[in-house]
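Colleague: I should be grateful for a close look at a single part of this model, namely one strand and its partners. Please then carry the account onward to the aromatic contacts and to the helices.

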Amino acid sequence: MTKGVLLPRATPPFTPSTITHWRATKPTLPFTQKRSIIATQPPLPCFLHDFSKVLSRTACSSSRRTNSNGLSYSSRVSLAKAVSINTNMSNYCTHSTDEFCSSKRRSRGPVMAAKRAAEGVTQEDGKYKHTVDLPKTTFGMRANSSQREPELQKIWEENQVLKNIADRNTGGNFILHDGPPYANGDLHIGHALNKILKDIINRYKLLQNYKVHFVPGWDCHGLPIELKGKCYLLSNIACSLLFHLPMYKLTWSLDWEARNNLTPLKLRAKANKFAKETVKSQMSSFKRYGVWADWNNPYLTLDPEYEAAQIEVFGQMALKGYIYRGRKPVHWSPSSQTALAEAELEYPEGHVSRSIYAVFRLVGAPVVSNDLLHEFPNLCIAIWTTTPWTIPANAAVAINPKLEYSVVEVESLDERASSSGENKKKKFGNILKDEKIPCLIVASELVSRLEAKWGVKLAVKRRLLGSELENYRYLHPIDNRECPVVVGGDYITTETGTGLVHTAPGHGQEDYVTGQKYGLPIVSPVDDRGIFTEEAGQFSGLDVLGEGNTAVVKYLDENLSLILEESYEHKYPYDWRTKKPTIFRATEQWFASVEGFRDAAMGAIGHVKWVPAQGENRISAMTSNRSDWCISRQRTWGVPIPVFYHLQSREPLMNEETIDHIKSIIAQKGSDAWWYMTVEDLLPPKYRDRAAEYEKGTDTMDVWFDSDLYLEGTDQHRGWFQSSLLTSIATTGKAPYSCVLTHGFVLDEKGLKMSKSLGNVVDPRSVIEGGKNQKESPGYGADVLRLWVSSVDYTGDVMIGSQILRQMSEIYRKLRGSLRYLLANLHDWKILQRFVIVDLSNFYFDVAKDRLYVGGSTSYTRRSCQTVLAAHLLSIVRVIAPILPHLAEDVWQNLPFQYTTEYGSVAKYVFEAKWPALNERWLDIPVEEIEFWGKILELRTEVNRVLEVARTGKLIGAGLDAKVYIYSSDASLAFQLSELCEAKNDADTLHRVFITSQAEIIPSLDDEHVKNIPYSGECLIQGKTKVWIGVSRATGSKCERCWNYSEQVGSISDHPTLCGRCYSVIAVQMPPEVAAVS
C-alpha cells in the first residue's frame, strides 16, 4: 500500500520560474500567470491511485480550487485503504485546459470540414469527405442519468449479475459486514457516504476475483421507531407534539381513548409496520445509489431468527457470569424515560449549567485528628458543582489525599461580593454579607483563583495534606444528617472548583465507586420523568433540570450555604434522539461486566487492522476505561431481557433452561410472544407449577451486532465497534472483525454541521434527481454522487455542497467525453490485444487526432493508435467501474467489439472482465526516455504560448498555419529533437507533436534568416535548459484534406490539392490489418 501520493498538477504555460524572456517583433500582450498547487493525500489502493490520475488528466486542472468564499477544496481520491495493493507509479501532467492554444482551435479543422460536408454544407467540392475517418459511437455525450442509470440497474437485477459473478469468481470469500442503518426515516447524506464507500470496496473485490457476500441490514428496534409507532395511536395534536415534549408531558396530550389503547402489543405492531415500511423505502434509495447487495435476503433485527440469536448471545454471557443486575447510576433520559448507553449520547456545544460554590459546616473529627476544629470552631468545607439538584442526594465530600489544602479566612470583600450583586451570569450568596463568615477549607493551589472569582481576600491560616481530612464529618446542608469526608480518586484535581468534590453515589459514576469503597448510601430521589420524588422532601414534584435546580440553589442561599452561583459553559450529555439533556440516576438495571474479559479485548484490538491507524488508539483508550455496560432499556419496542422476577423477593429467575426455552419460542413466534404469552407458557415445564410466583420483566436489551471488514463512522468507536468487540470476546474469545475502517461526518461547504434550521442540508435524493428548482438544484445522477464519495478524504470530516457537486459534475462530464472519444475512434477496430494500464492523456488524444481522422483507415499509424486507445479504454473502464459503475457499464454496453477474458469467455458486463492485469514489460520504460518526453511536453506548452502570440498578431489562424523553429544550446537535446523531425514514422515527427505543419531544429541563431522570423521567445526547460522558439507562416500550400501545409501540394497532377500523405491514403491499397504490438 502506498504511504502517500503526490497529486498531479496542471502546469500553466508560463510561471516566473520558467520564463526568462519573451520578445516579439510585433507588440506583445500581457501574460496571465497562475499558481500550481500540490496537494497530498492519504494512502490509496491501486485502483483509486490510477483513478486519481484519470481524473487529473481528464479535468486537466489544478488539484485544488478556491470558491468565492475563499474556501479551498482538494480533489483527493482516497478510498478503500482496507485493500492492500502495492503500486509504485509516478506521473505528471503539463497539458492544461487553460492553455492559450487549445486542441479545439489547433486541430479540429479537417474534422469540422468533414462534418459540414456530411451535413450537406458545401466547401469547395467536398470530394474527399468520405476518406476522413470521423468518430462514430452510439454512446451519448450526455449521461441522461435519470433514465439511463435505472435502465442499467434493471439490467443488472434481471440478469443477476452480482450473484453470477460472485458465484463464478474463484478467489476467496470477502465479507464486509453492513452496520445497519436505523429504520426510522429517510436517508441522509451520511448514509450515502457510508453505503457507497462499502459498495466501491465490494465492487473492487469482485473485479479482483473474490466471492463477495454483502448482506444489507437494518436496526429496527429502539426508541425513535417506538415513538413513530405511537404516532399511529395518538391524536393529531399529540403527534404534532410528540418530538417536542418530554414523555411525561406527552401523556397528558393524549385523548382518553388513545391512552386506553396504548398497549404494548398494539404499540409493537405499529412500530413493526413502520420499521418494515422504512426498510423498503431506504432499500429503494440504496439501490438508486447503485449499491449492490443481497437485497432479497437482508437481515432485520426484528426477524425472529435474529432476535433468537440475540437471546442466545445474551444467555452465553449470562451463564459465564458477565451479566448481572444492580442499582447503579446510569445515563438517564427524562425525555425518553429510559437508560442510555454512551453511544446514544451527544455533547452539543453551548450548553450552560448554573454552577455553585457551596459550604458544608464541619461538626466532627476522627478519633486521631489534628485538632483542626479546636483551632477553627467555625469551619466549613467548600465544594463546587454544576448540578445543584444533586445536593439532596449528597452522601460525602471527597478529597485527593495527595493535594495540599489550606484553611483560609475571608478578610475583606470587594464591592461586588459585599453588595451581593446579581446578574444573569453571576450571583453572590448571602453568606458573604454575614457578620461571621466561617473559615473555609480549599485546595492551596486554588486560593488565588478563588479570591478573584469570589471577590474576596483570603488569608491562609493553616496548610495540611488531604489525607489528614479523611473521616471528618460535616452537617448535610438540607436534612442536617452527618456525612463523612472521604478519599476520592485521581478525578479530584485543581483544574476547576475547590479541590473538594460533592459526592452523590446515586448520581455519578465516580461518586458511585467512591461510595462503594466507604459503604455510602445510594440516594437518588428522582423518578423516570426527572422529577424529585417524596424522598427529596420539600423539593418533591419539581423538575430537577428546571425549577427543582433553582429551588435547591435558593434553599442553600437562604440558609447561608451559598457563596456564588454562576453560569458555566461546558460539554454536557444529551439524548441524541430527543436532543434533550440527560441526568445520571441510580436505577435497577442489567449490566454486562467488562472486567472479566477486558484484557482479552485489549489483546484482540492489537490483532485488528485499523484504518486510519489512530482508530486503534481511540478504541483502546475507550475499552481500557470502559465501566460496566448497561444493557437494559425501559422500552416496549425491542428484544426482551429473558428474566422473571419473584413477586415477593424480587429475585430474578434466569438460567440455561429458561433462556433456551425463551429462545426457542422467539425463534418460532418472534419477540411479541414475550408480551402476549403468559408466564406459565413462557417458563419451561420444570417451573410451570410455580408460575404464579413470578412476573415477566419489562426491560428490553440494548441492540448488539455480531467478517472481514467493518466500515462505519468514527462515532462507532464508542458504539458498535466496541459493543461488537466486547460481545464477541465474551462469547467466542475473539474479535468479530479482521479490519475496521472509519470515515468522518459530512459537513456543508463551509465546514458547518448540517441543520434544517441553517438550510444547509444536502439530500442525496436531490443530488441524484434534482430539487424542485432544477436550475438551482439540478439532478446529477448517482455516479456524480459516487464520484464525490471517491474524491474526499474520508478519514476525516468531509464537505459537500452545490459548488463541490458542480466541480464533480464537470469532472464526470470530461471523463465521459474522454471515454466517448475512445469508443468513437474504435468503431472499425476489431483486433484485440491486452495492454498495460496507461495514463489517459489529453496530449495523446490531441496529437492522435491527425492520424485517426486523416491518416488512412487501414494505415499502420492509425491501427497502432487504435490499439493504444483500446488498451486505454479497456483498462480505464474497469478501473473506474467500482466508483462509477453506471458510466462503466454504459461504456461496456457500447463497445464496438466483444471482450474475451483470459478464460475464453465473453464478458457481457464490465464486472465480468475482471481487474486489468499489470504488464511489467510495458511499465519498464527507460528513465532517459521518460525524462526526454517530459522535456517534450514542457517544450510543447512553451511553443503553444508563442503560437498564441502569433495568432493574436494575425500571422496565423490555426496552429497548422505555422512553422516552428527550435534552437537549444544543449547539443544532446538538439540532437534528439532533430531525430524527431526526421522520424521515419510520420506519427512521431516533431511537428505532429506540436500540431503544426512544419518544425525545424536550427543550428545557430546567427543566421540572417532567423532574424526575419516574426515571432520568437526564450524559455528554460526544466529550469535549466535554455531554448529559443520561433514561429513563422508555414511554407507551401494548404492540403484540402488534412489542412496541413506542404510543398507537395500542387505537384500531384491527379490530385493537385492534396499533400503526399493524403494522396497515398486515397490512391494506394494498404496491406491487411495488423496490430501494433502484441
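Modeller: Two strands are taken as paired if DSSP finds at least two bridges between them. The model is a predicted one, and the strand chosen is β37, residues 962-968.

Six of the seven residues of β37 are buried, so the strand is largely enclosed by the rest of the structure. With strand β38 (residues 998-1001), β37 pairs in the parallel sense through four bridges; in this pairing K963 has Q998 as its bridge partner. Strand β40 (residues 1025-1033) runs antiparallel to β37 and is joined to it by seven bridges, with Y965 standing opposite G1030. As a general point, side chains in a regular strand alternate between the two faces of the sheet.

The aromatic contacts come next. The structure holds 22 aromatic pairs. In one of them, the ring centres of Y322 and F597 are 4.8 Å apart and the planes meet at 70 degrees; planes over 60 degrees apart count as edge-to-face, so this pair belongs to that class. Y322 lies in the loop between α12 (304-319) and β10 (323-333), while F597 lies in the loop between β25 (583-592) and α18 (598-605), so their pairing ties together parts 275 residues apart in sequence. Y322 and F597 are buried.

A further edge-to-face pair is formed by W384 and Y568, at 5.2 Å centre to centre and with 85 degrees between the planes. Because W384 belongs to strand β14 (residues 379-385) and Y568 to strand β23 (residues 562-569), the pair links parts that are 184 residues apart in sequence. W384 has a relative accessible area of 16%, below the 20% limit, and is therefore buried. Y568, at 26% relative accessibility, counts as partly exposed.

Charged groups sit over rings as well. K328 lies over the face of F591, at 4.7 Å from the ring centre. The charged end of R585 is placed over the ring of W332, 4.5 Å from its centre.

A cluster of rings leads on to the helices: W218, F286, Y289 and W295 are linked by ring pairs. Helix α11 comprises residues 264-288; at 1.5 Å a residue, its 25 residues should span 36 Å, and the end C-alpha atoms, 36 Å apart, agree with this. Just after α11, G290 adopts a positive phi of about 85 degrees.

The corresponding check on helix α6 concerns 19 residues, for which a span of 27 Å is expected at 1.5 Å a residue; its end C-alpha atoms are 27 Å apart, which agrees. In α6, 19 of the 19 residues are buried, so the helix is largely enclosed by the rest of the structure. α6 is followed by N209, whose phi is positive, near 80 degrees. N209 itself is located in the loop between α6 (189-207) and β7 (211-213). Its relative accessible area of 15% makes N209 buried. Leaving aside neighbours within four places in sequence, N209 is in contact with N169, T170, G171, Y903 and K914.

How values were computed:
Residues numbered from 1 in each chain as written. Heavy atoms only, no water. Buried < 20%, exposed > 50% of the residue type's maximum accessible area, 1.4 Å probe, protein only. Helix = DSSP H or I, 4+ residues; strand = E, 2+ residues; numbered from the N terminus. Expected span 1.5 Å × (residues − 1). Phe/Tyr/Trp six-rings, centres within 6.5 Å; stacked < 30°, edge-to-face > 60°. Lys NZ or Arg CZ within 6 Å of the ring centre and 35° of its normal. Contact = heavy atoms within 4.5 Å.
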